[in-house]
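Hello,

I am passing along the structure we talked about, and my notes on its strands come right after it. Have a look at the model first, then read on.

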Amino acid sequence: MINTSASAKTVNLPITPSNKYILDGYSAIEEVLTLRARHNVLLSKDNEDVVVSQRPAMVYGPYSAGAVTRVVIGGYYWAKTSRFYYIGYNPGSGLYNLYSRELGTNTLTTTNIATVTMGSSTKKPGFAEWEYGGVFYLLVFTGNQGWYITTGDVATQIVDADFPADHIPTPVVMDGYVFLPKRNTNDIYNSDLGSVTSWTASAFISTEIDPGAIRALAKQKQHLVAFTDFGVEFFRNAGIPAPNSPLARVESYNSKVTCRNYTLITQEEDDIYFVGTNKENLRSSVYVLSNFTPKEIGDESMNIYLKTFGTANKYVL
């Protein structure tokens with residue numbers, strides 16, 4: 001156990017293959033989760049404690065005779081509909097489908113609401129809640145497609161020609177915009193104001209302080225956070241009119257600590273936890289980005305673990 005401050009956020013170790021994973025505290029979903037892979041990392045929160053533990057891969061078990069096992073590669077519980085949405089891969093058909101699963105009832109009904117495609121380099125999809133003018137959507141991004149789900153459980157694909165199809169699925173919703181980083185670039189694209197379906201080719205801004213492509217986006221204190229190959233940059237909504245990006249760079253904030261990849265980052269309220277590397281001393285550890293400043297919270301045993309096993313096939317949800 002590691003105390004990171006006098007008032008005690010802690011990291012609980014060791015990592016073991018027997019750790020349970022229950023989605024958002026919903027024990028009903030536990031019956032369809034099984035342990036599959038070792039050495040996966042999960043950052044979670046137990047009251048005021050930050051817990052670092054192993055996250056097993058998820059396998060969605062069949063609920064009727066003859067049903068085919070679907071491998072869950074990412075999911076999200078949406079309180080607006082009290083349903084769990086996930087993308088499952090069917091090894092038999094080779095298809096990826098977007099499913100809606102009812103929780104909290106005896107029937108636990110599951111519905112296939114769309115067939116999707118995944119980007120060739122995408123390990124897990126990204127989800128975000130969007131609300132504007134009293135309209136609510138759950139957004140789903142797969143690395144080469146964007147979808148929005150209504151509270152009526154209808155999924156619709158974003159088909160605008162200017163939508164950044166080849167993206168890293170780390171969407172950020174802020175001030176009526178959706179922001180996405182384009183893969184293998186330093187460009188951050190945004191939707192039109194008040195829309196998830198309309199995008200403009202010129203509506204983007206680029207990271208500039210450090211070279212290298214963007215690895216992930218996040219949000220902290222109404223600022224957009226861009227993790228790049230060599231550091232972190234921050235942006236604010238400067239109200240710049242369309243067709244340009246509304247963002248402006250915040251020059252006073254930047255960091256040389258960045259996440260290893262987008263699957264190794266999660267957020268609790270305004271704090272961003274990630275497995276990352278300090279580019280000044282090449283030290284890999286678990287970090288928290290709080291008040292625009294990164295702080296190492298992993299101890300030597302965690303750092304040795306990361307050095308020994310690396311980060312391949314490990315995820316933080």
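Below is what I found on two groups of strands.

Please keep in mind that this is a predicted model.

Let me begin with strand 12, residues 146–150. Four of its five residues are buried, that is, under 20% relative accessible area, so the rest of the structure largely encloses strand 12. Strand 12 has an antiparallel partner in strand 11 (residues 135–141), with five bridges joining the two. One of the bridge pairs there is Phe141 with Gly146 of strand 12. These two strands make a hairpin with four residues between them, and in its turn Gly143 has a positive phi of about 100°.

Strand 12 also pairs with strand 13 (residues 155–157), again antiparallel, over three bridges. Here Tyr148 is opposite Thr156 of strand 13. Strand 12 and strand 13 form a hairpin as well, with four residues between them, and Asp153 in the turn has a positive phi of about 70°.

Now to the other group. Strands 18, 19, 20 and 21 form an open sheet in the order 18-19-20-21, with antiparallel pairing. Strand 18 (214–220) and strand 21 (247–255) are the edges: each has a single partner strand, so one side of each has no neighbour in the sheet. On average, neighbouring strands in this sheet are turned by 30° against each other, ignoring direction. Strand 18 pairs with strand 19 (residues 223–228) through six antiparallel bridges, and Lys219 has Leu224 of strand 19 as its bridge partner.

Happy to talk it over whenever suits you.

Best wishes

Methods. Residues numbered from 1 in each chain as written. Predicted model: local features only at pLDDT ≥ 70, side-chain atom pairs only at ≥ 80, totals over all residues. Heavy atoms only, no water. Pairing = 2+ DSSP bridges. Axes fitted to C-alpha atoms, helices over the stretch in contact; angles between N-to-C directions. Buried < 20%, exposed > 50% of the residue type's maximum accessible area, 1.4 Å probe, protein only.
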